[in-house]
Amino acid sequence: MKQNDYIERLSGFFERLGGWSYDHRWIVLSICLLLVGASLWLASRIRYDNSFEAYFAPDDPAYATYLQYRDDFGSDEVSYIMYEAPDFPHGPWNLEVMRKIERLTEALEEEVPFVQEVTSLVNLEFLEGVPDGLEIYDLLEDFPQSQEALLEARAKDLAKPFYVGGIATADGRYAAVIVEMDRSSIDPLEEIKVDPAGGDGLANLYPQASHYRIEEILARPEYRGIEFHYTGDVPFNAVMNEISASEWSRLARICLVVIAALLFVFFRRPIGVLGPLAVVVLGILIPAALIGALGWNLDLMFNMLPTLLIAVGVADSVHIISEFRAYHVTLGDRRAAVCRTMYLVGTPCLLT
C-alpha cells in the first residue's frame, strides 16, 4: 500500500470521527468532562522528585560514587541550625540560653521525623588526654549549676580547633545545633513517608515533614530571645521541592493567560478562546494523570511539557477553528463544515 493510501484512509477516519462527534456532541462533552475529573484525581497523586537521582544518569561516575558513599556511611543530609543570643550576657554560653538549647536538643531528637542524631553544645562529645590514654565524655554531661562553671566549659570547648567554626565560633557569639538525618531525598517513596497511610503529599514526605517540624519547634515561645539561622540539606531540598512543584504550573498559567488574550484579539468569540485552551488543559492533564497512574514522579523535564503543549495545542486548535469558519461560510452547514475540516487537518494535527 502506498503512503498516500495511508494518508487518505487516515483523513477519511477523521472525517467520519468529526461527523460522529457532531451527531453525539453531548456524549463527547460528557467523556471530556469525565476525562478531566479522572485526570485531576490521578494528577493529584504525583510528587515532584528533586533528588540527585533526577539530575544524574544511573551510570554517571559521580552519582555511582555518591551511592557507594551512601552504602558505606548512610545519609549525608543534615539540618544546620546556627543561633545567637544578643540580648544575653555571654551569648550562647549564657546559662539560661544553654538550658533552652538543652530543651531544644531533646525536642528535635524526639519530635522531628527521620532524625538520626542531634548534636549541640549540651551533648558535645569531648576527648581529653589523661595519663592512661584518652577519656571520652560529654562536655556538659553534668550540667553546670553556675555561670562560672559554664564559662570554664566554654574555655575547654574553644580550645579544641576541631569544634571551632563547626559547633561554635571562636569569639563565642554563635553556636550551632546539627541535626543528622537517617533518610535521603533519593530513598524510595515508601521509606520517606511519615504516615504510611497518609498519602503521597509533600507534607507527609521527607524532607518536607522534617523541615516543617523543625520550623515549628524553632518558633516556639520558650526559645524567645534566641535568634536561629536555619539552613542545611533538609530546608534547601524541601524549599526546592516546593518551588519546583509550583514553578511549572505557574508558568503554564502565565502562558494560558497570554494565549487567551491573543486569541480573544484575533477571534473575538468565546469558542476561539475556550476551544484552544480546553485542548491545552487536557493535553497537560492527561500526561500528568498518566504519570500518576504509573506511580512515576515529576522531574525537571516535565517543566518543559506545558509550554510545548501550549505551543502545539494552540496552533492546531487555531488551524481547526480557522478552517471550520471558512468551510462554514462556503458550505453553509455546520456538520459538513466539521467533516470537511477534520478530513483536511486531522492528519496534520495528529502528526504534530
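In which loop does His90 lie? In this predicted model, His90 belongs to the loop that runs between E1 and H4, and the close-up views below begin there and move on through the strands, the cores, the ring pairs and the pocket.

**View 1. Two residues other than glycine, His90 and Phe114, have a positive phi.** The phi angle of His90 is near 70 degrees, and the residue sits in the loop between E1 and H4, where His90 is partly exposed with a relative accessible area of 37%. For Phe114, phi is likewise near 70 degrees, but the residue is found in the loop between H4 and E2 and, because its relative accessibility is 12%, Phe114 counts as buried.

**View 2. Strand E5 pairs with E1 and with E2.** Strand E1, made up of residues 78-84, is joined to E5 by six bridges, and the two run antiparallel. Strand E2, which covers residues 115-119, also pairs with E5 in the antiparallel sense, in this case over four bridges. Val179 of E5 can be followed to both neighbours, since it is the bridge partner of Ser79 and stands opposite Val118. Why can E5 be described as largely enclosed by the rest of the structure? Of the seven residues of this strand, which spans residues 175-181, five are buried, and E5 is therefore largely enclosed. As a general point for reading such a view, side chains in a regular strand alternate between the two faces of the sheet.

**View 3. The largest nonpolar core has 38 residues.** Those with the most contacts inside this core are Tyr83, Ile101, Leu104, Leu108, Val177 and Phe228. The elements that give two or more residues to the core are E1, helix H4 (95-111), E2, E5 and helix H6 (208-218), and the largest share, seven residues, comes from H4. A second core, separate from this one, consists of 14 residues, among them Ile259, Ala260, Val280 and Ile284.

**View 4. The rings of Tyr83 and Phe228 form one of the six aromatic pairs found in a search of the whole structure.** The two ring centres are 6.3 Å apart and the planes meet at 55 degrees, so the pair is tilted. Because Tyr83 lies in strand E1 and Phe228 in strand E6 (residues 227-232), this pair ties together parts that are 145 residues apart in sequence. Both Tyr83 and Phe228 are buried, the latter with a relative accessible area of 19%, a value that falls under the 20% limit for a buried residue. Ring pairs also bring in Tyr223, so that Tyr83, Tyr223 and Phe228 are linked into a cluster. The C-alpha atom of Phe228 is separated by 9.8 Å from that of Val177, a residue 51 positions away along the chain.

**View 5. The rings of Phe162 and Tyr163 form an edge-to-face pair.** Their centres are 5.5 Å apart and their planes lie at 70 degrees, which is why the pair is classed as edge-to-face. Are the two partners buried or exposed? Phe162 is exposed, with a relative accessible area of 73%, whereas Tyr163 is buried, with a relative accessible area of 11%.

**View 6. A cis peptide bond joins Tyr206 and Pro207.** The omega angle of this bond is about 5 degrees. Pro207 is found in the loop between E5 and H6.

**View 7. The largest pocket has a volume of about 1,900 Å³.** The pocket is lined by 45 residues, and the closest to its centre are Val28, Ile271, Gly275, Val279 and Ile320. Helices H1 (3-23), H2 (25-43), H8 (270-294), H9 (304-331) and H10 (334-351) are the elements that give two or more residues to the lining. Which element supplies the largest share of the lining of the largest pocket? That share, 13 residues, comes from H8. By residue class, the lining of the largest pocket divides into 30 nonpolar, 10 polar and five charged residues.

Technical notes:
Residues numbered from 1 in each chain as written. Predicted model: local features only at pLDDT ≥ 70, side-chain atom pairs only at ≥ 80, totals over all residues. Heavy atoms only, no water. Buried < 20%, exposed > 50% of the residue type's maximum accessible area, 1.4 Å probe, protein only. Pairing = 2+ DSSP bridges. Core = buried A, V, L, I, M, F, W, Y, C linked by side-chain atoms within 4.5 Å. 1 Å grid on protein atoms, 1.4 Å probe; cavity = no way out; pocket = protein on both sides within 12 Å on 5 of 7 lines; lining within 4 Å. Points joined across faces, edges and corners; volume = space filled by probe spheres on them. Nonpolar A, V, L, I, M, F, W, Y, C, P; charged D, E, K, R; others polar. Phe/Tyr/Trp six-rings, centres within 6.5 Å; stacked < 30°, edge-to-face > 60°.
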